[in-house]
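The following account leads the reader through one protein model, moving from charged side chains to the overall division of the chain and then to local backbone features.

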Amino acid sequence: MSDIYRASTTAPVNIAVIKYWGKRDPKLNLPTNSSLSVTLSQADLRTHTTASCSASYPKEDTLLLNGTPQDVSGARTQACFRELRALRTQLEGSDSSVPKLATLPLKIVSENNFPTAAGLASSAAGFAALVRAIANLYKLPSSPTDLSRIARQGSGSACRSLFGGYVGWEQGSASDGSDSVAFQVAPASHWPTMRAVILVVSAAKKGVSSTTGMQTTVATSSLFASRASETVPRRMAEMQKAIQEKDFEAFGKVTMMDSNSFHATCLDTYPPIFYLNDVSRAAIKVVESINAAAGRIVAAYTFDAGPNAVVYYLEENEKDVAGLFKSILEEKDGWKGARGEKIEAQGAAFEKVKEEAGVAVELLKEGVSRVILTGVGEGPVETEESLIDEKGEAVSS
């Protein structure tokens, strides 16, 4: 029987605080502006992927995601396979003792511990895990920066999930994309008290995919050009400074303003794109009320291309932020476990915010299906836990 080679990794979700929106080259996934994100803890949100190859496998490459076969013939997935195989071929060419794996069919099994295509950047964690797992399988000496160039071709924001902590993605200017790579602004250990509560508004697939939305925005929005050329470069500098100085008020203000700017360009697209709904707007109102009650910015909302609210806050303000959301959403899934049970619902503060936010509180109660408590975390981690057994069969984790 032929040898079966396997390697496994887990990779994190990242949520951008300076948004990536718009491509200058759709084929290479080259962005029209730089972006910056927070890598979230894999204890809460992660993709677990095993990459395997063997001469005994059927000739075609395969990918199983959450038990469902996926089409791997698309240009994005093929670009990742091609680039990784090319690097392995180089390795094999330079050392004759290295087994010839580059030509063998790949079998990949992947599992998410969160809803796929629900606005939780599943493609970012997915492609980061896919690229990292194959790189481990091929024993490539590539750095996370090198691999970010490959992952970017699968899903733009995946390049940021190859690092932990606070991560930038350089827009770059080279036409071949060689300088459009991710870089670490600061590790998680630099500012470890960053927390987030995610309000999952809808686990349904979104109406307008990110790829389609981006193309339409670039083609039709009059606000888009100034966002890409002026607003984002200024905010990238402000955000990096805020992170280096651990200045949450600056971090929070820039985060919220950039989310608003991104969604304004979506609204300015023709026909307009509405990723936010009434529940999303209610979350904004509640965050504003929390900050008004605190007399400073202690909570910061951000929304990707979907209705889910991600609210960042510092651990020291957990009571004022997460505690308040617990008062509103206590009966929803997500508060169980050591972390959630430690958070106290805030009676008096809740009454004050309820008075200020009014109908928004009721809208949140009705429209949020569950909450996810998380915080800043590490980049991809190699694991011995394999989703493919010694015989090459898929197993569930």
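Asp-258 is buried, with a relative accessible area of 0%. The model in which this value was computed is a predicted one. Asp-258 does not lack a charged partner: its side chain forms a salt bridge with that of Arg-235, with an N to O distance of 3.3 Å. Asp-258 belongs to helix H6 (residues 248-267) and Arg-235 to helix H5 (residues 224-244), so the pair ties together parts that are 23 residues apart in sequence. Arg-235 is likewise classed as buried, at 7% relative accessibility. The two residues also take part, together with Arg-227, in a network of salt bridges.

In total, the structure has 11 salt bridges. One of the others joins the side chains of Arg-339 and Glu-318, at 3.6 Å from N to O. This pair links distant parts of the chain, 21 residues apart, with Arg-339 in helix H9 (residues 338-342) and Glu-318 in helix H8 (residues 318-329). The two partners differ in exposure: Glu-318 is buried, with a relative accessible area of 12%, whereas Arg-339 is partly exposed at 25%. A further salt bridge is formed by the side chains of Glu-245 and Lys-241, with an N to O distance of 3.6 Å. Glu-245 is partly exposed, its relative accessible area being 47%.

Lys-107 presents another situation. This residue, in strand S9 (residues 106-112), is buried yet has no salt bridge. Which side chain of opposite charge is nearest to Lys-107, and how far away is it? It is that of Glu-393, at 5.0 Å; because a salt bridge requires a nitrogen-to-oxygen distance within 4 Å, the pair does not qualify. What, then, lies 2.6 Å from a polar atom of the Lys-107 side chain? The backbone oxygen of Gly-392 occupies that place. Beyond its neighbours within four places in sequence, Lys-107 is in contact with Thr-50, Ala-51, Ser-52, Tyr-57, Thr-62, Ile-388 and Gly-392.

The wider organisation of the chain comes next. The protein is divided into domain 1 (5-190) and domain 2 (194-375). The C-alpha centres of these two domains lie 27 Å apart, and the contact takes 32 residues from domain 1 and 44 residues from domain 2.

Ala-196 lies in strand S12 (residues 194-200) and, at 0% relative accessibility, counts as buried. Leaving out residues up to four places away in sequence, Ala-196 touches Val-310, Val-311, Tyr-312 and Tyr-313, as well as Ile-372, Leu-373, Thr-374 and Gly-375. Ala-196 and Ser-37 are 159 residues apart in sequence, and their C-alpha atoms are 13 Å apart in space.

Helix H11 (residues 359-367) has the buried residues Ala-360, Val-361, Leu-364 and Gly-367. Seen down the axis of H11, these residues fall within an arc of 145 degrees, so they line one face of the helix. The general geometry is that an α-helix has 3.6 residues a turn, so residues three or four places apart point the same way. On the face of H11 turned away from its buried side are the exposed residues Val-359 and Glu-366.

Lys-285, in helix H7 (residues 278-294), touches Ala-360, along with Glu-356 and Ala-357, when residues up to four places away in sequence are not counted. Lys-285 counts as partly exposed, at 30% relative accessibility. The C-alpha atoms of Lys-285 and Val-359 are separated by 9.6 Å, although the two residues are 74 residues apart along the chain.

Three backbone features in loops remain. Tyr-270 and Pro-271 are joined by a cis peptide bond, with omega about -10 degrees; Pro-271 is placed in the loop between H6 and H7. Asn-29, which is not a glycine, has a positive phi near 55 degrees and is found in the loop between strand S3 (23-25) and strand S4 (30-31). Lys-139, also not a glycine, has a positive phi of about 55 degrees, and its place is the loop between helix H2 (122-137) and helix H3 (144-154). Are these two residues buried or exposed? Asn-29 is buried, at 0% relative accessibility, while Lys-139 is exposed, at 65%.

Technical notes. Residues are numbered from 1 along each chain as its sequence is written. This is a predicted model: local features need pLDDT of at least 70, side-chain atom pairs count only at pLDDT 80 or more; totals for chains, interfaces and linings use all residues. Side-chain values use heavy atoms; hydrogens and water are left out. Helices (H or I, at least four residues) and strands (E, at least two) are DSSP runs, numbered from the N terminus. Buried means under 20% relative accessible area, exposed over 50%, partly exposed in between (1.4 Å probe, protein chains only). Lys and Arg count as positive and Asp and Glu as negative; His and the chain ends are not counted. A polar contact is a pair of N or O atoms within 3.5 Å; within protein, one must be able to donate a hydrogen and the other to accept it, and residues adjacent in sequence count only if both atoms are side-chain atoms. Contact means heavy atoms within 4.5 Å. The arc is that of the directions from the helix axis to the C-beta atoms. Domain bounds come from an automatic or database domain assignment.
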